[in-house]
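Open the model in your viewer and keep the sequence panel in sight. The tour goes from one side chain outward to the whole chain, with a stop at a pocket.

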Amino acid sequence: MGRCFLYEKASSSGKVYVKIMIYFDIGANKGEWAQANLNECDKLVCVEPAPSTFNSLKENMSSHDHVECLRYAVCDSPDKMVAFYESSDDALSTLNKDW
């Protein structure tokens, strides 16, 4: 899941390129994978669409400054809006109505 990423940082001597490791946890649930990989990266982006599960994720990651939690769904649809089906069981929420 890790990705190397280069970004530009302005300095008085011109452009400086800094290499950082960013991990993305798509469908992060409550953050179990994120917790296990906290020390492997410089930044961790957790994405979780289910509102109640996202609240647990935010709470679990709140003490880690290099973690950003986003309440979005990720899919390959070109549409701006997609349906999300939230289950009372956090592991069963999905974008697929037939699942």
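Start by selecting tryptophan 33 and asparagine 37 together. A polar atom of the asparagine 37 side chain lies 2.8 Å from the backbone oxygen of tryptophan 33. Bear in mind that this is a predicted model.

Keep asparagine 37 selected and display the ribbon. Asparagine 37 sits in a loop, with helix 1 (32-36) on one side and strand 3 (43-47) on the other. Is asparagine 37 buried or exposed? Its relative accessibility is 15%, and buried means under 20%, so asparagine 37 counts as buried.

Next, select Gly27, Glu48, Pro49, Phe84 and Ser93. These residues lie nearest the centre of the largest pocket, whose lining has 15 residues. The volume of this pocket is about 220 Å³. Which kinds of residue form the lining? Nine are nonpolar, four are polar and two are charged.

Now clear the selection and colour the ribbon by secondary structure. The protein chain has two helices and four strands. Follow the ribbon along the sequence, and the elements come in the pattern β-β-α-β-α-β.

Last, show the surface of the protein chain. About 7100 Å² is exposed, and 49% of that area comes from carbon and sulfur atoms. The protein chain has 99 residues, of which 26% are buried. For contacts between residues at least 6 apart in sequence, 27% join residues at least 24 apart.

Note on methods: Residues numbered from 1 in each chain as written. Predicted model: local features only at pLDDT ≥ 70, side-chain atom pairs only at ≥ 80, totals over all residues. Heavy atoms only, no water. 1 Å grid on protein atoms, 1.4 Å probe; cavity = no way out; pocket = protein on both sides within 12 Å on 5 of 7 lines; lining within 4 Å. Points joined across faces, edges and corners; volume = space filled by probe spheres on them. Nonpolar A, V, L, I, M, F, W, Y, C, P; charged D, E, K, R; others polar. Buried < 20%, exposed > 50% of the residue type's maximum accessible area, 1.4 Å probe, protein only. Polar contact = N/O pair within 3.5 Å; in protein donor to acceptor, adjacent residues only side chain to side chain. Contact = heavy atoms within 4.5 Å. Areas by Shrake-Rupley, 256 points an atom, 1.4 Å probe, with all protein chains shown as cover.
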